[in-house]
Structures are given as C-alpha cells and as structure tokens.
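Please open the model in your viewer and keep a selection panel at hand. The tour below moves from one selection to the next and says what is found at each stop.

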Amino acid sequence: MKTAQFKRIVWFRNDLRIYDNPALFRAAEDQEGVLAVYIICHEMLKNHVVAPARVDFIRRHLLILNQDLAELNISFEIITVNKMSQIKTELQHLIKTHGVEELFFNAEYPLDEFNRDKQVSEVLREDGALVKRFHDRVIIPPGMIRNGKGEPYKVFTAFKNNWMQQARSLPLQVLKKPRVQNEHHHPALTDNKLNAFFENITQRDLSKLWPAGEKEASKRLKKFTKNSIDDYQTARDFPQVEGTSQLSPYLAVGSISPKQCLVAALQESKGDWDSGSAGVKTWIGELVWRDFYQHVVVDFSDVCKFKAMQKHTEAFPWRYDEKSFKAWCDGETGIPLVDAAMLQLKATGWMHNRLRMVVAMFLTKNLQIDWRRGEHYFMTQLIDGDFAANNGGWQWSASTGTDAAPYFRIFNPVSQSQRFDAEGTFIRQYLPALAKLPAKVIHNPPPTPGYPLPIVDLSLSRKETIALFGALKS
Ligand SMILES: Cc1cc2nc3c(=O)[nH]c(=O)nc-3n(C[C@H](O)[C@H](O)[C@H](O)COP(=O)(O)OP(=O)(O)OC[C@H]3O[C@@H](n4cnc5c(N)ncnc54)[C@H](O)[C@@H]3O)c2cc1C
C-alpha cells in the first residue's frame, strides 16, 4: 500500500520565490502535505543555450529556496534528467511513490516548455492526477489581449492600449507567503547535496554583481522605486548611469514577479495609473513590453522554431562572415560603443537595453549577419536570458519581428554614442585603449594603438541594407 505522504506536488521552474507564487500558494492551501520539486534537464539547458552565468544564478537561487521551503515545512527534491522526454516519467514515478493527487505549476510559454507541460499533463491525467496551471510570468495571461476580431495584436501600441484598459480592473494583490503544516516534511537538502546536482554543468560565478534570492530582488525593486523610478524616462537611455532597475535577471528566474513590480510602481503614484510621474508610466510600459513578447511566443509560436515573424524577411541574403561575427562577439569591431557594450556583456552577463538595440542593429544592418546568430550568442552570455524577450528584441532590431523597427530606420552607432554617452564615460570604462581620447573624438576615433580600425563602412552598409530590404518588400 502506498503511503499518502504528499498529496500535492508544486513544480518549480522559473518562479524561484515564495511570495506571490500562485502555484505554491494554491498547493499549500492543502494541509496534508506538499512536496516541492525542481527538475534539471540537461537537454533543455543545452538546446536553449542557457548561459553559465544564468546556471550559476539558478543554483544560488535554489540554495536559498531550499532553506525558505524548509522554514515553511515543505520538503524539496531535485531531479536530474538527460532528456526532456524523461520529465514526464520522473513525475509519474514521483506521483506514484508518494500517492500524490495533484500537480501544481506556473505556466511557461515558449514552445518546448509548452509542449513539455502538455505531455506531462496528459500523462498524469491518464494516471488520475489533477494538473493545475497558473500564470505568474505575465501580468495578463496570453490569450486575454485581443483586437475587435478576436485576433492577437502584432503591434505593441495597440496591445499596450488594450493591456492598460484590462490591467486597471485587475485585482492587483500580491500573494503572501504560504503556510503549511506538513507533518512529514524532510529536512532541507544540504548545500553540498544541492550543489552536487550542478557538478557537471558549466557555471560562471557572478555573485558579486548579481547576488541571488528573493530578498535581493525585493531590495533592488524597493531601491529603484524609491530612488530612481521618477527619473526613469530621462535616465533609462544612458548606459553610464544606473537609470534602470537591473531586475531582469531576477524576473527571468522568477525571484520576483512582474505583478510585484507593477504593484511597487503603482504605489509610487499612490495606486493611480494616470497621475503618476512620467518615469512610473514609462517603467510600467516596459513591463507591458515584457508581457507582449510572452504573448507573442504563444500566439505566433513559429518564432520558437527559428523563424522570422515577418515571413517575407526570410529571403534576406544574410551574410555568414565568421571573422566579422567573431569581432562583434569579442568587442573588436572598431566601433567604440558597440565594442564597449559587447565587453559589458562578457564582463557582467548583462547589457543595457539601448546598447542591446545598438549592437543588434549593428550586427544585422551593418554587418548583415543573421539575427539568429546574435540571438544565440546573447543567450550564451546573458544572466537574464529569456527566450521571449531575447527573440522579441532581436527580431525587432532586425526588422523581422512584430512591431519591428522599420527597415530604413537604422541606428548609427556613432551618433547613438554621441547622444547617449556624450562624454565617453561608458566607452572608457570598457575600452582602456581609448581612455585618454577626448570626448570629441572617442565615438569615432582616429587610428589608435591597441584599438582596431572599423571593420565596416557604416554609411555604405546602411545604404546596402536598406536597398536589400526594399527589394524584399517589392
Ligand atoms: C536584442 C535584445 C535582446 C534582449 N534580450 C533580453 C533577454 O534575454 N532577457 C530580458 O529580460 N530582456 C531582454 N531584452 C530587453 C531589455 O533589454 C532588458 O529587459 C533590459 O535591458 C533589462 O534591464 P532592466 O532590468 O534594468 O530593465 P528596466 O528598464 O528596469 O525594465 C524593467 C523590466 O521590464 C522588462 N523589459 C524592459 N525592456 C524590455 C523589452 N524591450 N522587452 C521585454 N522586456 C523588457 C524587463 O523584464 C526589465 O527587467 C532584450 C532587448 C534587446 C533589444
């Protein structure tokens, strides 16, 4: 006879937090026993090119979650599988062993994750278990924002208007820490045991820059909303200034929820959507961008299959030039802002949003290199790597995506540099060879020892790209 030690399982994924976690909260409403599970899938880590910095960030979050769950009397198990197809079998096994009746999880939207969850749900339902799926990764779940014809939006502004209307009537309460009285809970895993699950996975320690955990995420959110959000609209474009929240790594692993971010922002404007500062409104707009791209991967799931959102752009004759691609990755293109940004990515696992757009446009519009290569490289480096936001950002920059930048509007990285890093402070931080150059010339330097000459003619390549895109249109 099986022992019904745990009636419910809560399956943690990119939602590594205790507060405002709907799957955990609902699972914990049962006092008879909740088991928390995290699954490491080697195939997924490899196929989704999860950056070593992000793997380490997840590991550090799990160490904290492990302790937090123990305080709540919730047992925690980590399971490792090689193949995605093994996940359902492992969960099936766990459910049978413990006599579990219900599985709870928060939805993930990219196609692989969606299919994984569908398979798991089907198999477990056949076995008689209930599967309950919640939405925590977005503020408004996919499928809810539709135009008059019931279709998904392909452009951001229309999506945002509809989102704003609906969000105003949402109950924006943040879920509390759950309470559980599991009598049979296991003690927390030891740190050594937990770390051992990650032994064969490449990790990169960026803990000084990015301390892990829900408390750290909340501290950052509080600091940002108290000190910086009001200036966000003006400060957010300057990479040398800490004008943005730097919460993306925490949102990506889910140690903070987008709803917690929205609520904190609205508190700054006393809950009023309209009378808040321009900074508050602009920052909420970024949270809407985040939701938008999560909706896109559900509504236009071809983007999860390496496809361009705008089909006709598949015919663009992308160049496969290894030398230029390597120079871009290594920050050796001879265009200072691009190089400093790429070195920021290498050094910190993160890049400022304006610079992400600048380097993505440079790769796709000046070097004419396939956006998919840039998208892939970003994922190998980013501590905040998130398929939906990354794919959306790349396709926007390459003019192949939803709401894409019109193909003829191409950022000039030198004028972007003059405008947003006028004194060259950011460039100097990452390119010591240029440190002594005056601000006037640093953006487009004369031949300088230790710094490469530009690998491409910006004006010529721009004209070529516009002509090539124009030909596609016609
Ligand atoms: C080519 C490219 C690739 C990108 N790849 C990623 C990625 O892998 N992961 C990721 O989280 N963001 C990505 N972004 C979006 C954006 O650059 C980052 O979210 C932002 O720089 C994170 O810094 P922050 O937390 O200080 O943002 P803030 O300015 O403080 O914004 C708050 C939050 O809003 C969300 N957000 C802000 N801008 C965007 C946006 N344009 N699209 C979607 N969400 C947004 C993020 O979750 C961010 O943390 C990408 C953008 C581009 C152009």
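Select Asn 162 to begin: in this predicted model, Asn 162 has a relative accessible area of 12% and therefore counts as buried, the cut-off being under 20%. Asn 162 belongs to helix 6, which spans residues 156-168. If you display what surrounds Asn 162 and set aside residues up to four places away in sequence, you will find that Asn 162 touches Ile 145, Arg 146 and Tyr 153.

Go next to helix 4, residues 85-98, and colour its buried residues, which are Ile 87, Leu 91, Gln 92, Leu 94, Ile 95 and His 98. Looking along the axis, you can see that these residues cover an arc of only 165°, and so they lie on the same side of helix 4. Turn to the other side of helix 4, and there His 93 and Lys 96 are exposed. What, then, covers the buried residues of helix 4? The cover includes strand 1 (8-12), strand 2 (34-41), strand 3 (75-81) and strand 4 (102-106), together with helix 5 (111-126). Before leaving this part of the model, step just past the end of helix 4 to Gly 99, where phi is positive, at about 65°.

Now select helix 3, residues 52-71, and show the side chains of Asp 56, Arg 59 and Arg 60. Asp 56 forms a salt bridge with Arg 59, in which the closest N and O atoms are 2.7 Å apart, and Asp 56 also meets the side chain of Arg 60 in a salt bridge, with 2.8 Å from N to O. Why are the partners in each pair about one helical turn apart? Arg 59 and Asp 56 are separated by about one turn because they are three residues apart in helix 3, while for Arg 60 and Asp 56 the reason is a spacing of four residues in helix 3. An α-helix has 3.6 residues a turn, so residues three or four places apart point the same way. Are these side chains buried or exposed? Arg 59 and Asp 56 are both buried, Asp 56 having a relative accessible area of 3%, and Arg 60 is buried as well, at 10%.

A further pair to pick out is Arg 372 and Asp 370, which form a salt bridge whose closest N and O atoms are 3.0 Å apart. Arg 372 counts as buried at 17% relative accessibility, and Asp 370 is likewise buried, with a relative accessible area of 6%. For a network rather than a pair, select Arg 13, Glu 108, Arg 116 and Asp 117, which are linked by salt bridges. A search of the whole structure finds 28 salt bridges.

Finish at the ligand, which 26 residues surround, the closest being Tyr 232, Thr 244, Ser 245, Gln 246 and Asn 353. Two distances to draw here end at ligand oxygen atoms: one runs from a polar side-chain atom of Ser 245, 2.6 Å away, and another from a polar side-chain atom of Asn 353, 2.7 Å away. Add Asn 390 to the selection, since a polar side-chain atom of Asn 390 lies 3.1 Å from a nitrogen atom of the ligand. Of the 820 Å² of accessible area that the ligand has on its own, the protein covers 96%.

Notes
Residues are numbered from 1 along each chain as its sequence is written. This is a predicted model: local features need pLDDT of at least 70, side-chain atom pairs count only at pLDDT 80 or more; totals for chains, interfaces and linings use all residues. Side-chain values use heavy atoms; hydrogens and water are left out. Helices (H or I, at least four residues) and strands (E, at least two) are DSSP runs, numbered from the N terminus. Buried means under 20% relative accessible area, exposed over 50%, partly exposed in between (1.4 Å probe, protein chains only). Contact means heavy atoms within 4.5 Å. The arc is that of the directions from the helix axis to the C-beta atoms. A residue is near a molecule or strand if one of its heavy atoms lies within 4 Å of it. A polar contact is a pair of N or O atoms within 3.5 Å; within protein, one must be able to donate a hydrogen and the other to accept it, and residues adjacent in sequence count only if both atoms are side-chain atoms. Accessible areas come from the Shrake-Rupley method with a 1.4 Å probe; for residues, only the protein chains shown count as cover. A salt bridge is a side-chain nitrogen of Lys or Arg within 4 Å of a carboxyl oxygen of Asp or Glu.
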